[in-house]
Each structure stands twice: as C-alpha cells, then as structure tokens.
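Here's a quick tour of a few spots worth a look. Have the sequence and the structure open as you read.

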Amino acid sequence: MPDGGRRIRQDDRVTDRDAVPLDPAEPVPDPAAMRKHYRAEGLAETDLAATPVEQFARWFRQAAAEAHLFEPNAMIVSTADAEGRPSSRTVLLKQFDEQGFVFYTNYDSRKARDLAENPYVCLLFPWHPMARQVIVTGVARRTGRDETAAYFRTRPHGSQLGAWASAQSSLIATRADLDASYAELAARYPEGEQVPVPPNWGGFRVAPQAVEFWQGRENRLHDRLRYVAEQDGSWRVERLSP
Ligand SMILES: Cc1cc2nc3c(=O)[nH]c(=O)nc-3n(C[C@H](O)[C@H](O)[C@H](O)COP(=O)(O)O)c2cc1C
C-alpha cells in the first residue's frame, strides 16, 4: 500500500433478516411524490482542500460517522465497452490516496472486460443521508500483483474461497453448482490453510481526472464544485450550475 493510503476494512455481516414483511395489497409508493428538502450547509470554494483526495478524505470521515449512512465505501462503478455501451454496478472502495481509488474484483467480469477495452471509468458515492454525492471520473489500471496479494490476505477465509468459487459475470446453471464449487474449495483449503490468490482476481486503481463534490441545498440550488486535473499536476476548481 502506498504511503499515506487509507485502507478501508468492513467485516460486519449484513443479512435480510430485518426486512419488514409487507402486505402484498400495500400500494407501491409513487416515486414522483417522494421529495426531500435539503437544508445542508453550503460548500464554498474557500472550504475546499488543496486536492480532491484530501477533500474526499474529509467527506469520507464525515460519511463514516453518519449513523444513517450504510456502507459509506459503497460506490457505483460505471464502465463502457469499446462500442460505448455503459454498465454500472456497486463495488466497495478498499483504499484511496493521491494515486487513486482502489477496488477489487474478478478480472474476467464484465466491468474488467470493459476496462480492458476502455479504461475510462466513473465512480459515484451516493451519500444520500447527508445530501451529498461525489463523482470521480478517471482512468483505471490494474493494481500490481504484490498489492493485490497483500489485500487478498486481509480478506476473511470465506471471501478468499468465494473469489475462487465464482467465475463472476458468467452464466451458471444452478445455485447448487455454485455451492458445490465452494464446498470443494472449502474441503481443499480448510480454515487456517493459506488460500492462493486467484490469477483472475485483483484490484483496479482509478487515477482521478476530475472529482465533483455535490452538496444538496434548499430549493434545489445545490453546490457543485469540481476539481479538474491540469497538465502540470495541479487542480483547477470550477463551479457547476445545479
Ligand atoms: C454493496 C455491494 C458491494 C459490492 N462490492 C463488490 C466488490 O467490492 N467487488 C466486486 O467485484 N463486486 C462487488 N459487488 C457486486 C457487484 O455489484 C457486481 O454484481 C459484480 O461485481 C459483477 O459485476 P459485473 O458483471 O458488472 O462486472 C457488490 C455489490 C453490492 C450491492
């Protein structure tokens, strides 16, 4: 991990056991009638940190402390293939520093195939309980094998086996096939035994080219401040109309 990098750990288990059973006769809520008023403090140019990564660290600290914000490191990763066809999915941010934003995935997955053809990527952090979003656009490159291996070793044993068991994004016939594949691996590598890093699994580091900080304000007059990378490595800040 590069110096000063912030590594994100999150091992709390989540299940659907708290899902509220609903009466099937209950009407579906009308999304057009859903309207929240944002009363947050504004975001001014003078408030901003020198770099977008420092600014991101400030907001990330606040997001992590916000009780109503579940998984602040969950981000929507959008890619496009060589023909420009987009696709999006949620992925967990695992580290960030001045070099970029890192996530881990399967290198044969749809997102990884897109990135092999077209490395331009967009990351979106939907921090709704704070009326905030951060949008990073940049270029993705694979992390080195040593860095990937170091991160893989920190994952729980079950997640390490899961990375082997799943050929992410490929079609499978049944759930039972997946469970059988996991059970076979669990027998081969019992708890306590080192699981090798799958060759087709690893990280992507997104080097930011632009980072927008969006703060919801009253009457839809939101603040949008965007850092844009300059040729000399410095950052220009521009304000966008909401
Ligand atoms: C909260 C959440 C976190 C996720 N984190 C990851 C992750 O860190 N890495 C990953 O490969 N997939 C993660 N996924 C699954 C992806 O959304 C997606 O299903 C998977 O990566 C396959 O995407 P693709 O077929 O578009 O490549 C996560 C899903 C959710 C809902």
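## Asp 179

Asp 179 is exposed: it has 11 other C-beta atoms within 10 Å, and the cut-off for exposed is 12 or fewer. Keep in mind that this is a predicted model.

As for where to find it, Asp 179 sits in helix 5, which covers residues 175-188. Try picking out Gly 162 as well: Asp 179 and Gly 162 are 17 residues apart in sequence, while their C-alpha atoms are 9.8 Å apart in space.

## Helix 2 and its buried side

Which residues of helix 2 are buried? Helix 2 runs over residues 110-117, and its buried residues are Lys 111, Ala 112, Asp 114 and Leu 115. They share the same side of helix 2, because they cover an arc of only 155 degrees around the axis. The general rule helps here: an α-helix has 3.6 residues a turn, so residues three or four places apart point the same way.

And what lies over those buried residues? The cover includes strand 2 (74-80), strand 3 (86-97) and strand 4 (100-106). Strand 5 (120-127), strand 6 (132-142) and strand 7 (201-215) are also part of it.

## Around the ligand

There are 16 residues around the ligand, and Arg 89, Thr 105, Ser 109, Lys 111 and Ser 169 come nearest. Strand 3, strand 4 and helix 2 are the elements that give two or more residues to this shell. Strand 3 has the largest share, with five residues.

By character, the shell around the ligand splits into five nonpolar, seven polar and four charged residues. Lys 111 turns up twice in this story: it's one of the buried residues of helix 2, and it's among the residues that come nearest to the ligand.

Note on methods. Residues are numbered from 1 along each chain as its sequence is written. This is a predicted model: local features need pLDDT of at least 70, side-chain atom pairs count only at pLDDT 80 or more; totals for chains, interfaces and linings use all residues. A residue is buried if 20 or more other C-beta atoms lie within 10 Å of its own, exposed if 12 or fewer, and partly exposed in between; C-beta atoms are placed from the backbone. Helices (H or I, at least four residues) and strands (E, at least two) are DSSP runs, numbered from the N terminus. The arc is that of the directions from the helix axis to the C-beta atoms. Two residues are in contact if their C-beta atoms, placed from the backbone, lie within 7 Å. A residue is near a molecule or strand if its C-beta atom, placed from the backbone, lies within 6 Å of it. Ala, Val, Leu, Ile, Met, Phe, Trp, Tyr, Cys and Pro count as nonpolar, Asp, Glu, Lys and Arg as charged, and the others, Gly among them, as polar.
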